[in-house]
Amino acid sequence: MARVNDSGHMARFWDERARENALFYVDNRLDYKTGSYASDDPDDFWTKGRRDFDAILEAVGAPEIGPDDALLDIGCGVGRMTRAAAAKARQVTGIDVSAEMVELARHELRDLQNVELLVGDGTGLTGVADASVDVVFSVVVFQHIPDPEITLGYVREIGRVLRPGGWAAFQVSDDPAVHEMDLPRAGGLRGAVARLRGTEPRGQDDPAWRGSAVDLARLAAVAQESGTAVANVVGRGTQFCYVLLRREA
């Protein structure tokens with residue numbers, strides 16, 4: 001079993017998931033086998049990403065993204081939220097621990113001139129300069145990090161890279177139980193064969209998938225130490241807890 005703070009394992013795990021079924025692991029509302037949403041859902045992968053991006057910002061009470069803003073997308077995956085952000089911001093940087101995901105994003109976003117994509121180290125925002133972005137965004141990323149101290153390290157890094165007056169909107173898990181429960185999957189030999197055949201998701205018992213919850217009081221303290229302040233929290237006590245941070249102008 002990998003150590004919970006093994007960033008090399010995180011990179012390998014998400015590279016494997018990218019090769020296995022990248023779109024599903026970015027949005028597991030997709031059907032694993034067909035790669036589509038429910039038959040009565042008119043949205044495709046990218047349209048749903050744009051709607052999710054707008055809905056999250058609205059729910060947490062985030063300011064408008066301005067046409068001169070630089071935005072950082074942490075855990076960009078194949079670039080679903082990066083594309084949505086690029087329609088609003090002057091410049092968008094996406095960063096992900098998986099080189100395979102970043103390569104897919106480069107292909108998917110090759111038509112966009114205002115996007116830069118980086119492979120991260122899995123513990124911070126190396127490659128992103130101090131006070132260089134106006135907005136930080138992240139969703140369905142920190143919940144998969146097995147060690148909450150690494151997530152808190154990202155909160156410190158957010159404080160480092162935000163410009164005065166900047167803000168961040170991101171999702172964490174505030175429900176420890178969800179990271180410990182048994183996952184609904186086929187067991188025994190039948191389940192193992194299904195995973196080998198590629199008809200069922202793999203790796204869902206791995207720490208890099210199960211992840212961890214973050215204590216919100218500790219998050220607020222780390223944010224304050226890093227020059228930001230929690231302005232809003234939506235979804236306390238759930239896996240989908242959204243946090244708005246602000247840095248004073």
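Reader: Is Ala 169 buried or exposed?

Author: First, a caution: this is a predicted model. Now the idea. A residue counts as buried under 20% relative accessible area. Ala 169 has a relative accessible area of 1%, so it is buried.

Reader: Where is the place of Ala 169?

Author: Ala 169 sits in strand β5.

Reader: Which residues does Ala 169 touch, leaving out those up to four places away in sequence?

Author: There are seven names to find in the structure. Ala 169 touches Leu 57, Val 60, Val 136, Phe 137, Ser 138, Val 243 and Leu 244, with residues up to four places away not counted. Take Leu 244. Ala 169 and Leu 244 are 75 residues apart in sequence, yet 4.6 Å apart in space, C-alpha to C-alpha.

Reader: How do strands of a sheet pair?

Author: Strands of a sheet pair through backbone hydrogen bonds, and the pairing is parallel or antiparallel. Here, β4 and β5 (residues 162-172) run parallel, joined by 5 bridges. One partnership links Phe 137 to Ala 169 of β5.

Reader: How does the chain cross from β4 to β5?

Author: Follow the backbone. The chain leaves β4, passes through helix α5 (residues 148-161) and enters β5. This β-α-β crossover is right-handed.

Reader: Which strand is joined to β4 by 3 bridges?

Author: That is strand β1 (residues 70-74). β1 and β4 run parallel too. Look for Leu 71: its bridge partner in β4 is Val 135.

Reader: How many residues of strand β4 are buried?

Author: Check strand β4 from 133 to 138: 6 of the 6 residues are buried, so the strand is largely enclosed by the rest of the structure.

Reader: In what order do the 7 strands form the open sheet?

Author: Read across the sheet, strand by strand. The order is β3-β2-β1-β4-β5-β7-β6, and the pairing is mixed. At the edges are β3 (115-119) and β6 (228-234), each pairing on one side only. From one strand to the next, the twist averages 15°.

Reader: Which strand is joined to β6 by 6 bridges, and do the two run parallel or antiparallel?

Author: The strand is β7 (residues 241-247), and the two run antiparallel. For one pair, find Thr 228: its bridge partner in β7 is Arg 247.

Reader: Which strands does α5 touch?

Author: Helix α5 packs on the sheet and touches β1, β4, β5, β6 and β7. Its direction makes about 155° with that of β5.

Reader: Where does helix α8 lie?

Author: Helix α8 (residues 216-225) lies across β5, β6 and β7. It runs at about 150° to β6.

Reader: At what angle do α5 and α8 pack?

Author: To read a helix pair, take the angle, the distance between axes and the hand. For α5 and α8, the angle is about 35° and the axes are 8 Å apart. Their crossing is right-handed. Glu 149, Leu 152, Val 155 and Arg 156 of α5 meet Arg 218, Leu 219, Val 222 and Ala 223 of α8.

Reader: How do helix α1 and helix α4 pack?

Author: Use those steps again. Helix α1 (residues 7-26) and helix α4 (residues 99-108) pack at about 50°, with axes 8 Å apart. That angle makes α1 oblique to α4. The crossing is right-handed. On the α1 side, the contact residues include Trp 14, Ala 18 and Ala 22. On the α4 side, they include Met 101 and Leu 104.

Terms used. Residues are numbered from 1 along each chain as its sequence is written. This is a predicted model: local features need pLDDT of at least 70, side-chain atom pairs count only at pLDDT 80 or more; totals for chains, interfaces and linings use all residues. Side-chain values use heavy atoms; hydrogens and water are left out. Buried means under 20% relative accessible area, exposed over 50%, partly exposed in between (1.4 Å probe, protein chains only). Helices (H or I, at least four residues) and strands (E, at least two) are DSSP runs, numbered from the N terminus. Two strands pair if DSSP finds at least two bridges between them. A crossover is right-handed if, with the strands pointing away from the viewer, the path from the first strand over the helix to the second runs clockwise. Axes are lines fitted to C-alpha atoms, for helices over the stretch in contact, and angles run from 0 to 180 degrees between N-to-C directions. Contact means heavy atoms within 4.5 Å. Angles under 35 degrees count as roughly parallel, over 145 as roughly antiparallel, 65 to 115 as roughly perpendicular and the rest as oblique. A crossing is left-handed if the near helix is turned anticlockwise from the far one by less than a right angle, and right-handed if clockwise.
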